[in-house]
Amino acid sequence: MTETNKQFRLAARPVGMPKRTDWNVVTEPAKEPGEGEVVVKVLLLSLDPAMRGWMNEGKSYIRPVEIDEVMRAGGVGVVTASKSTKFKPGDHVVGTLGVQQVAVVHEKTLTRVDPRMAPLPVFLSTLGMPGMTAYFGLLEVGQAKSGETVVVSGAAGAVGQVVGQIAKIKGCTVIGIAGGADKCKYVKEELAFDACIDYKSEDVKKALRTHCPKGIDVYFDNVGGDILEAALANLARHARIVVCGAISQYNNAGPMKGPANYLSLLVNRARMEGMVVFDYADRYAEAAKEMAGWMAQGKLKSREDVVSGLDDFPERLLMLFRGENFGKLVLKVADA
């Protein structure tokens, strides 16, 4: 077992974009497991836009990370010591491990994964929380049906890439919105979306009118802000908007920008509903089984952007908010 454990602990609540001084780096002796607990060597960490919200104080769907607490993060690791009846040394597990080298966690919070079934980063991507978010957000909240037009922002990101592919599997016309020619090319050519709008070089509202002549039936929102307004301006009758995230707004020093044209919901008899993936936790296995089947059939692809170095965690996290990641952003902490 590792003798020491390097951790990133929250030192201050950020104003605007997080900076390195918002965390303290602490190295302490690795702890021993208690009854029902295991020691996990952290191999990979999931870097997610939601982490920015967890740093804020105030009521949300999950409690905030407290000052001097290890920064919350999902991860994949390998069990190195166990006082659990469920897990033994050598087992690979996924769970909330935190931004650190070694995690001591209760067996109830972990799920065993099989690295023979898929590469480990995929368990933080398509077969992890982003994939679950896409699956339940699109099919349960968005209620996408064959023949409908689905638009997804952040289309080359962790959630967006899965949303669009599932929509295609279900017989929908799919329009992605992404930043940059390379991402749009990937979305169209590799993921087989019907079109992709480059928000960096195109007028999104105008492009949506072109690609969605009968309006948008389902808009899966990962970014908020101006792009959400553009989608609201192009809704079909009885459209559904799935509010998954608003990455364009997370680092505002002032209030978040809300849509000025929300009355489009009234005019089009549409609805806008937020979704939190944890609400579907008891159905994760159902979704994972179906998505793993699609992956085996070649119908569903997974792309991860793996970057290395626990020491670089603060800078790597900012890649999300600058749109620098291409696929699910994963931080490699250690070799298996």
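Is Gln 161 buried or exposed? Let's work through that and some related exercises together.

Please keep in mind that this is a predicted model, in which local features need pLDDT of at least 70 and side-chain atom pairs count only at pLDDT 80 or more, while totals for chains, interfaces and linings use all residues. Residues are numbered from 1 along each chain as its sequence is written, and side-chain values use heavy atoms, with hydrogens and water left out.

**Exercise 1. Find Gln 161 and describe its surroundings.**

Step 1: Look for helix H3 (residues 160-169), where Gln 161 is found. Helices (H or I, at least four residues) and strands (E, at least two) are DSSP runs, numbered from the N terminus.

Step 2: Check the accessibility. Buried means under 20% relative accessible area, exposed means over 50%, and partly exposed lies in between (1.4 Å probe, protein chains only). Gln 161 has 0% relative accessibility, so it counts as buried.

Step 3: List the neighbours. Contact means heavy atoms within 4.5 Å. Leaving aside neighbours within four places in sequence, Gln 161 is in contact with several residues, including Ser 125, Tyr 186, Phe 193, Arg 303 and Lys 328.

**Exercise 2. Divide the chain into domains and find the core between them.**

Step 1: Mark the domains. Domain 1 covers 4-125 + 303-332, and domain 2 covers 129-278; such bounds come from an automatic or database domain assignment.

Step 2: Relate the two domains in space. Their C-alpha centres lie 28 Å apart. Domain 1 brings 19 residues to the contact and domain 2 brings 16 residues.

Step 3: Pick out the core. A nonpolar core is a set of buried Ala, Val, Leu, Ile, Met, Phe, Trp, Tyr and Cys residues joined through side-chain atoms within 4.5 Å. The largest one here has 50 residues, and Tyr 135, Leu 138, Ile 166 and Met 291 have the most contacts inside it. Helix H2 (residues 129-141) gives the largest share, seven residues. Because domain 1 and domain 2 both give residues to this core, it lies between them.

Step 4: Zoom in on Met 291. Setting aside neighbours within four places in sequence, its contacts include Leu 127, Tyr 135, Val 162, Ile 166 and Leu 300.

Step 5: Look for another core. A second, separate one of 33 residues includes Trp 23, Leu 45, Trp 54 and Leu 310.

**Exercise 3. Explain why helix H9 is largely enclosed by the rest of the structure.**

Step 1: Locate H9 at residues 313-321 and count its buried residues. Seven of the nine are buried, so the helix is largely enclosed by the rest of the structure.

Step 2: Name the buried residues: Phe 313, Pro 314, Leu 317, Leu 318, Met 319, Leu 320 and Phe 321.

Step 3: See what they pack against. The partners are strand S1 (4-10), strand S2 (23-29), helix H1 (50-54), strand S14 (304-308) and strand S15 (328-332).

Step 4: Look just past the helix. H9 is followed by Gly 323, whose phi is positive, near 70°.

**Exercise 4. Examine the phi angles of Asp 68 and His 238.**

Step 1: Recall the general rule. Most residues other than glycine have a negative phi.

Step 2: Read the values. Phi of Asp 68 is positive, near 75°, and phi of His 238 is also positive, near 65°.

Step 3: Place both residues. Asp 68 is in the loop between H1 and S4, whereas His 238 is in strand S12.

**Exercise 5. Describe the salt bridge between Arg 283 and Glu 140.**

Step 1: Start with the rule. A salt bridge is a side-chain nitrogen of Lys or Arg within 4 Å of a carboxyl oxygen of Asp or Glu. By this rule the count comes to 20 salt bridges.

Step 2: Find the pair. The side chains of Arg 283 and Glu 140 meet at 3.1 Å, N to O. Arg 283 lies in the loop between strand S13 (271-274) and helix H8 (284-296) and Glu 140 in helix H2, so the pair ties together parts that are 143 residues apart in sequence.

Step 3: Check the accessibility of each partner. Arg 283 is partly exposed at 25%, and Glu 140 is partly exposed at 33%.

Step 4: Try one more pair. Lys 332 forms a salt bridge with Asp 335, with the closest N and O atoms 2.7 Å apart. Elsewhere, salt bridges that share partners join Arg 9, Glu 28 and Asp 68 into one network.
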